[in-house]
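These are my notebook entries on side-chain contacts and surface exposure, written down in the order in which I looked things up.

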Amino acid sequence: MLTIERELRQSKEFLMEHDHFLVVSHVQPDGDAVSSTLAVGWLLSCLGKKYVMVNEGPIPKRMGYLWQAEQIRDLSAEPLDRKFDHVICVDCADFKRVGKTKEFFAEGARLLNIDHHPTNDRYGAVNLVVPTAAATAEILFELILYMGLELNEPVATAIYTGLLTDTGGFRYSNTSPKVMAAASKLLEYGVDGPGLSELLLEQMTLPQLRLLTRALNGLQLSEDGKISWVAVSDDDLLATGAVHEDMEGIVNYPRNIQGVEVGLLFKVIDEHAVKVSMRSAGKVDVALVAQSFGGGGHVRAAGARIEGTLDSIVPRVLEQVRLQL
């Protein structure tokens with residue numbers, strides 16, 4: 001508790017002492033990354049600070065309802081024209097996850113690292129890392145309250161979105177009493193909880209459904225029935241009309257099979273690299289598996305980018321999972 005208090009104080013000092021910030025999140029941002037970026041932007045706007053929010057690529061279209069979502073600049077379409085001395089990184093388990101945004105960090109830039117991944121290597125000059133938090137958005141909720149700022153509906157919706165998506169609709173094991181208390185408080189600001197659940201957890205586009213169908217047609221199961229996996233390539237995206245954000249949640253299907261301990265999704269980036277998403281039923285610490293390949297994450301949800309072909313990577317990952325089993 002004393003560590004969190006100290007890190008909250010140091011984070012507040014970092015925000016108060018400087019005037020121009022670059023706010024970044026991890027590549028291929030999910031709900032928590034986008035929401036946390038916007039929550040930081042809202043906080044800085046309340047302090048009268050200048051800031052630019054950016055990501056290596058576009059944010060998911062379904063996040064367009066969030067406050068100032070259109071202000072998160074997509075570097076692949078709109079590069080920046082300057083470098084920044086003060087950077088706030090949110091939801092980045094390690095420095096590599098900031099991707100190409102690092103090109104706009106000035107030499108010697110000071111970083112505020114706000115994150116909830118247990119594998120975070122505390123790469124910031126200032127670190128606000130709380131591994132027990134369900135989402136980075138939960139940490140920002142605490143930081144906003146610590147700084148004495150009064151929330152409103154737009155920022156409450158952003159924070160609720162981060163909690164909702166990173167807890168799987170308040171179903172995962174990270175759904176603590178603290179998370180539920182925060183969600184309850186956020187609803188008091190006018191957050192449309194049922195509407196967000198429908199939009200983010202229930203609705204699917206037709207291309208997304210076609211991609212899921214195509215992926216499940218190739219589902220495989222280990223001989224002992226404890227590991228299941230699917231693979232998705234750019235050819236699958238082209239054939240179905242889907243986009244990268246449509247892969248969100250596919251990894252849960254192999255994991256949800258009765259008796260399966262670890263579900264895997266292999267996303268073929270190109271002929272030289274594959275991104276692996278991992279989900280555990282609880283017996284296997286998939287963060288350790290991911291770390292063995294230079295990745296990271298949580299006990300039950302982790303991932304890694306691995307250099308090589310799909311045919312060479314699948315057996316290597318399965319071997320590491322079996323070691324953990």
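Entry 1, a term I need. Before judging any residue I wrote down that buried means under 20% relative accessible area, exposed means over 50%, and partly exposed covers what lies in between. I also noted that the model is predicted. With those cut-offs, Glu13 counts as partly exposed because its relative accessibility is 35%.

Entry 2, a salt bridge within one helix. I looked up what Glu13 meets, and found that its side chain forms a salt bridge with that of Arg9, at 3.6 Å from N to O. Both residues belong to helix α1, which covers residues 2-17, and they are four residues apart, about one turn of the helix. Arg9 is partly exposed as well, with a relative accessible area of 37%. My reminder for such contacts is that side chains of opposite charge can pair when their charged atoms come close.

Entry 3, the whole structure. How many salt bridges does a search of the whole structure find? The search gives nine, and I followed two further ones in detail.

Entry 4, a salt bridge between two helices. Asp236 and Arg214 form a salt bridge in which the closest N and O atoms are 2.4 Å apart. Asp236 is in helix α8 (residues 234-240) while Arg214 is in helix α7 (residues 206-217), so this pair ties together parts that lie 22 residues apart in sequence. Is Asp236 buried or exposed? I recorded Asp236 as buried, because its relative accessible area is 13%, whereas Arg214 is partly exposed at 39%.

Entry 5, a salt bridge between two loops. The side chains of Glu261 and Lys283 also meet in a salt bridge, with 3.9 Å from N to O. Glu261 sits in the loop between α9 (252-255) and β9 (262-270), and Lys283 in the loop between β10 (273-280) and α10 (286-291), so the pair ties together parts 22 residues apart in sequence. Here I noted that Glu261 is buried, at 13% relative accessible area, while Lys283 counts as exposed, at 69%.

Entry 6, aromatic rings. I turned to ring pairs, keeping in mind that a pair of aromatic rings is described by the distance of the centres and the angle of the planes. A search of the whole structure finds four aromatic pairs. In one of them, the ring centres of Phe14 and Phe21 are 5.9 Å apart and the planes stand at 50 degrees, so I entered the pair as tilted. Both Phe14 and Phe21 are buried. For Phe95 and Phe105 the centres are 6.0 Å apart and the planes are at 65 degrees, so that pair is edge-to-face. Phe95 lies in the loop between β4 (84-90) and β5 (105-115), and Phe105 in strand β5, so the pair ties together parts ten residues apart in sequence. Phe95 is partly exposed, at 30%, but Phe105 is buried, at 10%. Ring pairs join Phe95, Phe105 and Tyr123 into a cluster.

Entry 7, a charge over a ring. I found Arg82 over the face of Phe84, at 4.1 Å from the ring centre.

Entry 8, the surface. Which residues form a nonpolar patch on the surface? I listed Met204, Leu206, Leu209, Leu216 and Tyr253, which together have about 430 Å² of accessible area. The most is given by α7, with three residues. Leu206 is found in helix α7, and I marked Leu206 as partly exposed because its relative accessible area is 47%.

Terms used
Residues are numbered from 1 along each chain as its sequence is written. This is a predicted model: local features need pLDDT of at least 70, side-chain atom pairs count only at pLDDT 80 or more; totals for chains, interfaces and linings use all residues. Side-chain values use heavy atoms; hydrogens and water are left out. Buried means under 20% relative accessible area, exposed over 50%, partly exposed in between (1.4 Å probe, protein chains only). Rings of Phe, Tyr and Trp (its six-membered ring) pair if their centres lie within 6.5 Å; planes under 30 degrees apart count as stacked, over 60 as edge-to-face and the rest as tilted. A charge sits over a ring if NZ of Lys or CZ of Arg is within 6 Å of the ring centre and within 35 degrees of the ring normal. Patches are made of residues with over 30% relative accessible area and no salt bridge: like charges are joined within 9 Å, nonpolar side chains (Val, Leu, Ile, Met, Phe, Trp, Tyr) within 5 Å. Accessible areas come from the Shrake-Rupley method with a 1.4 Å probe; for residues, only the protein chains shown count as cover.
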